[in-house]
Structure formats: C-alpha cells, structure tokens
Amino acid sequence: MHGRAAVVFAQLVTLGVNHGVHAFYVDIRDEDGRFLPGVGGEDDGHKGGLNGIDNGRLHFTRVRVPRTHLLDKYGHVAADGSYSSPIASPGRRFFTMIGTLVQGRVSLDGAAVLANKAALTIAVRYGSERRQFNASSDVQEEVLLDYQQHQRRLLPRLAETYAMNFAHQELLDKYDAVFSGREDTDENRQDLETLAAALKALSTWSALETVQECREACGGAGFLTKNRLTSLRHDLDIYATFEGDNTVLLQLVAKRLLSDWADEFKQVDVGVMARYVAGRATEATFHRSGLRKLGQAFRDTGDVRRSVNALREESAQHALLTDRVETMVAEIAENLRPSAKLPRAEAAALFNENQHRIIATARAHAELLQWEAFTRGLAQVEDPGTRTVLTWLRDVFGLRLIEKNLAWYLSYGRLSMRRGRSLDEYIDRLLARLRPHALDLVAAFELAPEHLRAEIATGIEARRQEEAAEHYRRMRASGDAPVKERGPRREPATAGTGPEGERTAEEAKEERRKERRAEKQAERRTERKHERRLELKPRKVAAKRAAAAGSAEDPAARAPEDRSPADAAAETAGAGSPAPAAEAAQQG
Ligand SMILES: Cc1cc2nc3c(=O)[nH]c(=O)nc-3n(C[C@H](O)[C@H](O)[C@H](O)COP(=O)(O)OP(=O)(O)OC[C@H]3O[C@@H](n4cnc5c(N)ncnc54)[C@H](O)[C@@H]3O)c2cc1C
C-alpha cells in the first residue's frame, strides 16, 4: 500500500522573494500506485529498529504544484503572485509554522517515559524473584534486588522515571493550554517549545540507558526477544535523533536560557555580573526570569554553602541544583559577551569554543525542571506513607544529580569534601529504605501483561524458583541430598624438601607479602587520618582530640560519618572475612 499524496515542506519563492519554508499538499502517485512525472522515491530498507513504521525518501524534479495547494494558514499567495501573511516577522512566522511539530516531541517524551516504566517493571519484578549465589545461607540463594549493586542499578532509574513522569504531566498541561487556545500567547508557545525540547532530549536518552540497564539486570533472560527489552531498545534508538536531534535540541534550550539571561541583566553593569558569577549576588539583583525565578535558591536558604548542611532538605537540593544552572549560564554569558561586536566568523568560533559547556548547561537546566516537577507532584500526594516513600525517591533523584556532578560542586566550593564524601553513603541508605517498596513503585505504573509482553514479568521465575527449592527441601528431608566435596588434606612438610617442601616455601613467601601489605595499609590509614585532620578547623580538631583521648588512633572509635569508606574497607579486609557480595562474586 502506497500513499498517493504528501505534505511537503519547501521554500516558497514568489516574485523573486524567498519567504522561507512553507507546507504544500502534493500529489505523488496515480491511482495505480505509480509515481507521477517528476516524482521519485526509494524505501529506506531495513532499519536498526522501528521496522513497523515504513520510512523512505522522495525527490521532485520540476513538479508543478498548484498555488491553491499551499497550506496557507500562515502565508497566502494571490493570483498575481503577491504574498501575504498574518505574521509580519519572517522569523516568528517560521517558528509558528514549525511550532505545530512540537506535538511530535511531546509524544516522544511520553513514549520514553512509558518505555522506562515498562523496562523497570520487567526488571524489578524479575529482580524480586530471581535468586543467584548463596551469600548468606547454604540452602537459599539471594534475591537479586537484595544486592546493593542491583538496587544501585535500578532504583535511581526508577527515581528518574518518576521525575520524568511528573515533568511530562506538566508538559501535557502546557501543551493543552496552548493548543486549546486557552493560553495561546507567544511567550507560552516559546516556553512550550523550550520545555518540550529539554524534556524530549533527556527522556529519550534516559530511555536508551534505562532499557539497556534493565536488559543487563535481567541477565541472559533479558536478551531473549520474548522478554521484550532488546526490541524495545532497538525501537527507541532513533528517538534520540528524530523529531529533533537531542544535541541540537539542547542548544535551542541553551539559546533560550541565554536570551532570558540577557533580558534579565540588560540594565546590570559588568561588576555586578562578575560578582554574580562568583556566586555572591543578592536576591535584589534579579527580578524576573522566563522559565523560573533565578533568585529562588538564595531566597530559600539564605546562602548556598550553608544550605548543604542538610542535603536531604528539599530547599538544599533545590539551592544546589539551581545554583549550578545559574552559575553555568552566567559563565557562558560572560564568555560569549564579546560576540556581539565580533565579525560573524569569529562570533561563531567563540560560540563553538563554548559549545560543550552550553549543552551541559541546558542539560543541567532540564534536570532542574524535572526535579522541580517531581517536587510539585509530591505536594499533591495526600497519603502520608506514600508521600514519605516518594520523598525518598525524589531525594534519590536530586542527590544522584548532585553526585553525578560532584566534581563541579567541589571545584566551585559549593560542597565541602566531607559532605561530598557522605553523599554516596547517604544515597545507599535511601536505596535500602526504598528496596521493600520497589514492587509497589512499579505496580503504580499500572502496566498490564498486554502492555509488558515479557514472559519474565509474569511471575514465571518465582514459580521456577519455588519448584527448585521444594525439590531440594524434599531431598534434604529424605537424606538423599549429596554432600559437598571436601578439599584435599594437607600433610605437614619441611621447607626445601621435595615437592611438598617447595609449596611450603612459597606459602612462607606469601605470608611475608601479606604482612607487608597489611603494614602498608596501616600506614595509608594513618596518612588519611592526618589529611582529614588538616581539613578540619583547628578548634574542631582540639575538641575531637579531647573527646577521643586514648582511642583517637582507632578509626572504629570515631563517629560513623567521620570514618572514610577506605577505613571501613580496611577494617573489613583486616577482619579476614570477605563481604557476602564479594564471596558471591568469587563463587560466580
Ligand atoms: C526513522 C526515521 C524517521 C524520520 N521521520 C521523519 C519525519 O517524519 N519527518 C521529518 O521531517 N524527518 C524525519 N526524519 C529525519 C530526522 O528528523 C533527522 O534524521 C534528524 O533531524 C537528524 O538530522 P540528520 O539525520 O540530518 O543528522 P545530522 O544533522 O547530520 O546530525 C548528525 C550528527 O551530528 C550532530 N550535529 C548536527 N548538528 C550539530 C551542531 N550544530 N552541533 C553539534 N552537533 C551537531 C548531531 O547531534 C548528530 O549526532 C526521520 C529520520 C529517521 C531515521
């Protein structure tokens, strides 16, 4: 089956003037499905995914299109060839015309959210049933989702998906307000364009990574086509490119941020700008912002550096995320300031020198929008238990963003080294709290089996595990269970006498190596303690010394938040018993 007509976007040139891209209705095939004269086309063939949709390309050579086939809501050509439009500015007309395409981006954002929900429902259900390796018991293996690393892989993705979901709901509201005509203003259209570009870029990238992570989290079963994840991943691949390539879209977002910035600071002198970049501007400096209030961070917390004392505080997370976006925008604006007076090629080169930072800034802004949408969504939740769990989830989302950009926060002095170090541990604690709610959190997506179409999400693994466990229970009860094979018994031998003696000499060497390693570890621990003391204020050090007199050299005597992960690891190693996960890995 072939289409007989197409809507073709092409340049409209009349009476020697190019009025830019317009949409034309063009007949392309006759009733028998053959191309009309001057029209040609080819199929795109087999693609990397999304093969349920047919794609191809058309080309036109001297094809005549009647004047009346111009889709002329925004531009009309009269019989004498004269052009008229209700929108005088060519730039605004172009953006209004392609603005209708925003619905493609809105839909892709929604599709990416849904893909994440499906993939996570599959992986969390499977991870709650599948057992691997005897870490804590001889008779029962561990459930995958009880492994900390499995929680690290899936639960932050779940948090991100909730953030994407709340942001998508707000995007739909904005879309409805504009396209229903209720709030169809220029500014709202621009906001909608920017929001759709920002969210589409982040959500489609997230979907690619999330589906892949879920695929791997389901092991070999995740690779089977009947379990959906591989084909979902293939179909989603192109989402990062079509309806606007993500990298290009983020540059549009950044452009809007920079023009908001320019509007904001039109009246402000360079000295004020420089102070702002250094993060010392006061609320009085700004008065308005296109997408959100620039001064919010400072109003909420008084001072960014002080606000991080409690990272789990909503206002502290907001302050940190907002401050990063503002500082990045301010820096780029400052870098690009000379471009207004430069020749075009030099201005383009200057922009190019900042392109990576520009895209990173747009991304940070989009992440902030997602965090804000999640937080607004939380405020609507009435059930206290649900709100508590969703608050942990929102915190995981916010703190992971800060953790991902920890180098920035440390190098700009927004977080202390000590606070930065505690982040990782705090996130792990939140994930452990969320673990028992993981199944409920994916159940809330309300995806039925016909949506998931994945055998491993049907409970089949739980039944298989139960069957196997029952089999071994019966064997143990009947006394037929096989016993474990014992290792060979070692005979005592003298060093240097025969093969047994050589082995013992090797063992002695190994003993000495172990001792040297232990000594080095102890030295490193002492050095680290010394470095930490240098970081602390002298008064604090004195207070600590007094409090811990007699046991100051023992890391275990310090408060848990003062003990570095290296200390804890060294203690575990020193105790001689491998952690359960490490033991499981050895078995694997
Ligand atoms: C299956 C499929 C269906 C499609 N359907 C439609 C459709 O229905 N309608 C339609 O109009 N189009 C459609 N497209 C086209 C699609 O929108 C384009 O492929 C997309 O916009 C990217 O353009 P491009 O392929 O020319 O890539 P390019 O623009 O050549 O980009 C290639 C790479 O260069 C990077 N890049 C490009 N410009 C810059 C820059 N300024 N700075 C930094 N990096 C840059 C991009 O990030 C990308 O990674 C479809 C494409 C596919 C594959």
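# A walk through the predicted model

Gln 465 lies in helix 19, which spans residues 460-478. The model that contains this residue is a predicted one. Gln 465 has a relative accessible area of 14%, and because buried means under 20%, Gln 465 counts as buried. Apart from its neighbours within four places in sequence, Gln 465 is in contact with Glu 129, Arg 130 and Arg 131. Of the elements close to that stretch in numbering, helix 2 covers residues 102-129 and strand 7 covers residues 131-132.

The chain as a whole can now be set out. Its secondary structure comes to 23 helices and 8 strands. The protein chain has 588 residues, and 40% of them are buried. Taking contacts between residues at least 6 apart in sequence, 64% join residues at least 24 apart. The chain exposes about 33,500 Å², of which carbon and sulfur atoms supply 52%.

Strand 1 (5-14) and strand 2 are joined by a loop, and Leu 15 lies in this loop. With a relative accessibility of 64%, Leu 15 counts as exposed. Its phi is positive, about 50°, although Leu 15 is not a glycine. Most residues other than glycine have a negative phi. A second residue of this kind is Phe 133, with a positive phi near 70°. Phe 133 also belongs to a loop, the one between strand 7 (131-132) and strand 8 (142-143). Its relative accessible area is 28%, and Phe 133 is therefore partly exposed.

Beyond the loop that holds Leu 15 comes strand 2, residues 17-27, and Ala 23 lies in this strand. At 11% relative accessibility, Ala 23 counts as buried. Once neighbours within four places in sequence are left aside, the contacts of Ala 23 are Val 7, Val 8, Phe 9, His 69, Leu 70 and Leu 71. Ala 23 and Ile 98 are 75 residues apart along the chain, and their C-alpha atoms are separated by 9.6 Å.

Next comes helix 1, which takes in residues 90-99 and has Arg 93, Thr 96, Met 97 and Gly 99 as buried residues. Seen down the helix axis, these buried residues fall within an arc of 160°, so they line one face of helix 1. An α-helix has 3.6 residues a turn, so residues three or four places apart point the same way. What covers the buried residues of helix 1 includes strand 2 (17-27) and strand 6 (83-84), together with helix 2 (102-129), helix 3 (148-179) and helix 4 (186-217).

The last stop is the ligand. Which residues are around the ligand? They are Asn 55, Ile 238, Thr 241, Phe 242, Glu 243, Asp 245, Thr 247, Val 248, Gln 251 and Gln 355. By class, this shell has 3 nonpolar, 5 polar and 2 charged residues. Helix 7, residues 246-264, gives the most to the shell, with 3 residues.

Some side chains of the shell come within polar contact of the ligand. A polar side-chain atom of Asp 245 lies 2.5 Å from one of the ligand's oxygen atoms. Nitrogen atoms of the ligand are met by Gln 355, with a polar side-chain atom at 2.9 Å, and by Gln 251, with a polar side-chain atom at 3.3 Å. On its own the ligand has 970 Å² of accessible area, and the protein covers 36% of that area.

Key. Residues numbered from 1 in each chain as written. Predicted model: local features only at pLDDT ≥ 70, side-chain atom pairs only at ≥ 80, totals over all residues. Heavy atoms only, no water. Buried < 20%, exposed > 50% of the residue type's maximum accessible area, 1.4 Å probe, protein only. Helix = DSSP H or I, 4+ residues; strand = E, 2+ residues; numbered from the N terminus. Arc of directions from axis to C-beta. Contact = heavy atoms within 4.5 Å. Near = heavy atom within 4 Å. Polar contact = N/O pair within 3.5 Å; in protein donor to acceptor, adjacent residues only side chain to side chain. Areas by Shrake-Rupley, 256 points an atom, 1.4 Å probe, with all protein chains shown as cover. Nonpolar A, V, L, I, M, F, W, Y, C, P; charged D, E, K, R; others polar.
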